[in-house]
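Biologist: I should like a close look at one part of this model, taken slowly and set within its surroundings. Please begin with the part itself and work outwards from there.

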Amino acid sequence: MRFGKVNWIRMSFDDIRDERGEAFDFASQTLNPIKESIRHAINKQKQIQDYFEKLSQEKVSLRDEEYDVSDDNLKENFQNLSAFIEVMLGVSFVICQVYIDQTEQALSAFDRQVERETQKTLSCLVRSKTKRNVLLLSQGPKAGQSQYTYAEIVNAAANYYKHRAEWDQDWITGASKQQLQTANVVMALGAKPEHDDNMSKLARNLGNHELFNVDEFLRGIEKWKFGLLRQIEEELQQQHLV
């Protein structure tokens with residue numbers, strides 16, 4: 001009985017396509033409690049809003065000019081909850097960045113394998129100057145009407161969250177090339193200097209309209225990843241490598 005030659009390129013490609021890996025499992029499991037904590041914070045904010053609305057209605061109906069609807073403690077709690085939500089969204093972006101990094105590493109290794117075994121390169125993968133890794137963030141389908149991919153936006157959001165304290169107030173003065181790249185992406189998605197709700201703006205523009213659906217980020221990255229894999233597979237077929 002004769003067996004055909006094993007196509008190691010096909011096997012490696014299928015492994016990348018089918019295996020989500022530890023980074024995906026970690027991201028998915030870690031995002032679940034974050035999702036619930038954001039949901040809880042939003043519910044607490046809704047309770048505070050309902051309280052002030054009821055208090056305001058009572059003031060109007062009673063026509064009591066001395067009835068004070070303000071409550072500094074509750075207002076401070078509301079602001080603290082908003083800040084908490086911003087932090088949780090930032091952490092969510094960083095967790096998803098880990099999954100993006102794993103995808104880049106896997107496809108960089110695959111790109112090197114293709115060249116090593118076939119002496120051919122994949123034109124759909126742009127390499128870094130060192131030719132060690134492929135530059136994937138800007139490749140693949142774009143997110144909505146933007147000029148950026150979903151992974152590019154999530155990666156920029158994570159970098160903004162991690163390094164925003166290092167930036168000048170206008171985000172431009174004294175900025176490095178990488179900082180400017182990050183700033184350009186997040187500003188294109190609604191973030192603005194000296195605003196406290198930038199993570200919420202980015203989340204909503206990435207499809208997480210209710211803010212607690214942080215697993216939407218992971219689904220968006222998966223869509224980007226498989227769109228990119230389709231491009232790679234088409235080229236592999238055109239070059240008769242699979």
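Against which helices do the buried residues of H6 pack?

Modeller: This is a predicted model, in which local features need pLDDT of at least 70 and side-chain atom pairs count only at pLDDT 80 or more, whereas totals for chains, interfaces and linings use all residues. Residues are numbered from 1 along each chain as its sequence is written, and side-chain values use heavy atoms, with hydrogens and water left out.

The buried residues of H6 pack against H3, H4, H5 and helix H7 (215-238), where contact means heavy atoms within 4.5 Å. Helices (H or I, at least four residues) and strands (E, at least two) are DSSP runs numbered from the N terminus, and H6 covers residues 198-205. Six of the eight residues of H6 are buried, which leaves this helix mostly covered; buried means under 20% relative accessible area, exposed means over 50%, and partly exposed lies in between, with a 1.4 Å probe and protein chains only. The six are Asn-198, Met-199, Ser-200, Lys-201, Leu-202 and Ala-203. After H6 comes Gly-207, with a positive phi near 100°.

H6 also takes part in the largest pocket, since at least two residues of the lining come from each of H2 (21-62), H3 (72-118), H4 (150-163) and H6. A pocket is found on a 1 Å grid over the protein atoms alone, as an open set of points where a 1.4 Å probe fits, with protein on both sides within 12 Å along at least five of seven lines, and its lining residues have an atom within 4 Å of a point; a set from which the probe cannot get out is a cavity instead. The largest pocket has a volume of about 510 Å³, a volume being the space filled by probe spheres set on the points, which are joined across faces, edges and corners. Of its 25 lining residues, Glu-86, His-195, Asp-196, Asp-197 and Asn-198 lie nearest the centre, and Asn-198 is one of the buried residues of H6. H3 gives the largest share of this lining, with six residues. Sorted by class, the lining comprises eleven nonpolar, seven polar and seven charged residues; Ala, Val, Leu, Ile, Met, Phe, Trp, Tyr, Cys and Pro count as nonpolar, Asp, Glu, Lys and Arg as charged, and the others, Gly among them, as polar.

Two of the packing partners of H6, namely H4 and H5, each supply at least two residues to the lining of the second largest pocket. That pocket holds about 350 Å³ of space, and of its 14 lining residues the closest to the centre are Leu-137, Glu-152, Asn-155, Gln-181 and Val-185. Its lining has six nonpolar, six polar and two charged residues. The loop between H4 and H5 contains Trp-171, a residue other than glycine whose phi is positive, near 70°. With a relative accessibility of 6%, Trp-171 counts as buried.

H3 and H7, which take part in the packing around H6, also receive the buried residues of H1. In H1 (residues 8-18) the buried residues are Ile-9, Phe-13, Asp-14 and Ile-16. Seen down the helix axis, the buried residues of H1 fall within an arc of 160°, so they line one face; the arc is that of the directions from the axis to the C-beta atoms. The face of H1 turned away from this buried side carries the exposed residues Trp-8, Asp-15 and Asp-18. Arg-10 belongs to H1 as well, and its C-alpha atom is separated by 9.3 Å from that of Glu-233, 223 residues away along the chain. Apart from neighbours within four places in sequence, Arg-10 is in contact with Arg-17, Glu-233, Gln-237 and Val-242. In the segment after H7 lies His-240, which is exposed at a relative accessible area of 70% and has a positive phi of about 60° although it is not a glycine.

As for the whole, the protein has seven helices and two strands, in the order α-α-α-β-β-α-α-α-α along the sequence. Of its 242 residues, 41% count as buried. Among contacts between residues at least 6 apart in sequence, 68% join residues at least 24 apart.
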